[in-house]
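Open the model in a viewer and keep the selection panel at hand. The stops below go from a surface patch to a salt-bridge network and then to a pocket.

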Amino acid sequence: RSFLAREDIGVVLISQVLAELIRHAVEAHSRPLPAVLEIPSKEHPYDPAKDSVLRRARGLFTPDDLR
């Protein structure tokens with residue numbers, strides 16, 4: 001939480017596995033900066049269904065918007 005309160009940080013990178021452990025905190029963060037980006041780890045495959053940024057983006061666009 002201390003990283004999210006700092007004004008000198010623009011992006012927080014966190015592995016998706018660790019983001020799952022603190023999902024409540026990741027989902028509660030709604031400010032644009034710092035951006036919280038989930039990345040794959042070497043030991044665990046990436047699951048786009050669990051990515052909070054992708055889930056938010058799905059609600060912003062329809063397939064017709066991308067044509």
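In which strand does isoleucine 39 lie? Select isoleucine 39: the residue belongs to strand 2. The model is predicted.

**Stop 1: the nonpolar patch**

Isoleucine 39 has 34% relative accessibility and counts as partly exposed, because that value falls between the 20% and 50% limits. Add Val11, Leu13 and Leu37 to the selection; with Ile39 they make a nonpolar surface patch of about 330 Å². Strand 1 and strand 2 (35-39) are the elements that give two or more residues to this patch.

**Stop 2: the salt bridges**

Stay on strand 2 and select glutamate 38 together with arginine 23. The two form a salt bridge, with 2.7 Å between the closest N and O atoms. Glutamate 38 is in strand 2 and arginine 23 in helix 3, so this pair ties together parts 15 residues apart in sequence. Glutamate 38 is buried, with a relative accessible area of 7%, and arginine 23 also counts as buried, at 14% relative accessibility.

Next, add glutamate 27. Its closest approach to arginine 23, N to O, is 3.8 Å, and the two form a salt bridge. Both residues lie in helix 3, 4 residues apart, which is about one turn of the helix. Glutamate 27 is partly exposed, with a relative accessible area of 35%.

Then add glutamate 20, which forms a salt bridge with arginine 23 at 2.6 Å between the closest N and O atoms. Glutamate 20 counts as partly exposed, at 33% relative accessibility. The count of salt bridges comes to 3. Through shared partners, salt bridges join Glu20, Arg23, Glu27 and Glu38 into one network.

**Stop 3: the largest pocket**

Which residues line the largest pocket? Select Arg1, Phe3, Leu4, Val12, Ile14, Ile22, His24, Ala25, Val26 and Val36. The pocket has a volume of about 190 Å³, and its lining divides into 8 nonpolar residues, 1 polar and 1 charged. Helix 1 (2-5), strand 1 (11-15) and helix 3 (23-28) each supply at least two lining residues; helix 3 gives the most, with 3.

Within this selection, pick valine 26, which lies in helix 3. Valine 26 counts as buried, at 7% relative accessibility. The C-alpha atoms of valine 26 and valine 36 are 7.4 Å apart, with their positions 10 residues apart along the chain.

**Stop 4: a loop residue**

Finally, select proline 45, in the loop between strand 2 and helix 4 (52-58). Proline 45 counts as exposed, at 72% relative accessibility. Measure from proline 45 to valine 17, C-alpha to C-alpha: the separation is 9.1 Å in space and 28 residues in sequence.

Methods:
Residues numbered from 1 in each chain as written. Predicted model: local features only at pLDDT ≥ 70, side-chain atom pairs only at ≥ 80, totals over all residues. Heavy atoms only, no water. 1 Å grid on protein atoms, 1.4 Å probe; cavity = no way out; pocket = protein on both sides within 12 Å on 5 of 7 lines; lining within 4 Å. Points joined across faces, edges and corners; volume = space filled by probe spheres on them. Nonpolar A, V, L, I, M, F, W, Y, C, P; charged D, E, K, R; others polar. Buried < 20%, exposed > 50% of the residue type's maximum accessible area, 1.4 Å probe, protein only. Patch = residues over 30% accessible without salt bridge, like charges linked within 9 Å, V, L, I, M, F, W, Y side chains within 5 Å. Areas by Shrake-Rupley, 256 points an atom, 1.4 Å probe, with all protein chains shown as cover. Salt bridge = Lys/Arg side-chain N within 4 Å of Asp/Glu carboxyl O.
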